[in-house]
Amino acid sequence: MPARIAVLVSGTGTLLQALIDARAEGALDIDIVGVLADRTGTVGIDRARRAGIDTDEIGPGDHGDRAAWDTAVADRLGTWGPDWIVSAGFMRILGPAVLAAFPARIVNTHPALLPAFPGAHGVRDALEYGVTVTGCTVHIVDAGVDTGPILAQRAVPVLPGDDEASLHERIKVVERELLVATVDRLTRQGCRVEGRRAVFDD
Ligand code: GRF
């Protein structure tokens, strides 16, 4: 049975598209059972619909408070019965209800080499700091901001003349490959968390 994957998106969804394409090409043995966005009108949801994937849009504004939104997201994800949840450019912090429903089963991708430059502006912060190498990280989600155990990382050089957009585009090329490779490994091997480390099962 292919692993059941739910994907969370907020933006253009090119990471989601990489998963959709890899599945279509037979490079990933997964079933993308649902895509959830935190707002209406995302290109990511359009991509999912074009691929015939079930979708939903649940914004914090549709709910009384953050806890209610968190519970609604956990409930909706639960209806898809996912083995793994991939946060692919999802720009919100998941709350305790979602984390408790899927312990160590949520994966996030971040456009910097964690623990450097966590948060919403990882590319800009790395550039402003003046690093010559940055990259991307795929990690297990915990209650912190980009703090969970690391599954995989890849480096990307900062080039002279880079601005935030050009650097982010080059990171995203690598990030898409890394996400597909990591989801492949996770779904074939599984993994467990031992302290700070995410260890792939044999
Ligand atoms: C990725 O770099 C992701 O790490 C960051 O936002 C970007 C999402 O890209 N949080 P897309 O929406 O998948 O094109």
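**Exercise 1. Ligand contacts**

Identify which polar side-chain atom lies 2.8 Å from an oxygen atom of the ligand in this predicted model, then describe the surroundings of the ligand.

Solution.
Step 1. The side chain is that of Lys172, which places a polar atom 2.8 Å from a ligand oxygen.
Step 2. Backbone atoms also take part: a polar backbone atom of Gly13 is 2.8 Å from an oxygen of the ligand, and one of Leu15 is 2.9 Å from an oxygen of the ligand.
Step 3. The protein buries 90% of the 370 Å² that the ligand exposes when taken alone.
Step 4. The ligand is surrounded by 13 residues, and the closest are Thr12, Thr14, His168, Lys172 and Glu175.
Step 5. By element, at least two shell residues come from each of α1 (14-24), β5 and α6 (164-189). The most come from α6, with three residues.
Step 6. As for location, the ligand sits in the largest pocket.

**Exercise 2. Backbone between β5 and α5**

Find the cis peptide bond and the residue with positive phi in the loop between β5 and α5.

Solution.
Step 1. Most peptide bonds are trans, and most residues other than glycine have a negative phi.
Step 2. The bond from Leu114 to Pro115 is cis, its omega being near 10 degrees. Pro115 belongs to the loop that runs between β5 (106-110) and α5 (122-129).
Step 3. Phe117 is found in the loop between β5 and α5 too. Its phi is positive, near 60 degrees, although Phe117 is not a glycine.
Step 4. The relative accessible area of Phe117 is 17%; the cut-off for buried is under 20%, so Phe117 is buried.

**Exercise 3. Backbone between β6 and β7**

Is Asp146 buried or exposed, and what is its phi?

Solution.
Step 1. Asp146 is located in the loop between β6 (133-140) and β7 (150-157).
Step 2. Its phi is near 60 degrees, a positive value in a residue other than glycine.
Step 3. With a relative accessible area of 15%, Asp146 is buried.

**Exercise 4. Cysteines**

How many disulfides does the structure hold, and how far is the sulfur of Cys136 from that of Cys191?

Solution.
Step 1. The structure holds zero disulfides.
Step 2. For Cys136, the nearest cysteine sulfur is that of Cys191, 18 Å away. A disulfide needs the two sulfur atoms within 2.5 Å, so Cys136 is in no disulfide.
Step 3. Cys191 is likewise in no disulfide, its nearest cysteine sulfur being that of Cys136.
Step 4. Cys136 is buried at 0% relative accessibility, and Cys191 is buried at 7%.

Definitions and conventions
Residues are numbered from 1 along each chain as its sequence is written. This is a predicted model: local features need pLDDT of at least 70, side-chain atom pairs count only at pLDDT 80 or more; totals for chains, interfaces and linings use all residues. Side-chain values use heavy atoms; hydrogens and water are left out. Helices (H or I, at least four residues) and strands (E, at least two) are DSSP runs, numbered from the N terminus. Buried means under 20% relative accessible area, exposed over 50%, partly exposed in between (1.4 Å probe, protein chains only). A residue is near a molecule or strand if one of its heavy atoms lies within 4 Å of it. A polar contact is a pair of N or O atoms within 3.5 Å; within protein, one must be able to donate a hydrogen and the other to accept it, and residues adjacent in sequence count only if both atoms are side-chain atoms. Accessible areas come from the Shrake-Rupley method with a 1.4 Å probe; for residues, only the protein chains shown count as cover. On a 1 Å grid over the protein atoms alone, a cavity is a set of points where a 1.4 Å probe fits but cannot get out, and a pocket is an open set with protein on both sides within 12 Å along at least five of seven lines; lining residues have an atom within 4 Å of a point. A molecule sits in a cavity or pocket if more than half of its atoms lie within 2 Å of its grid points.
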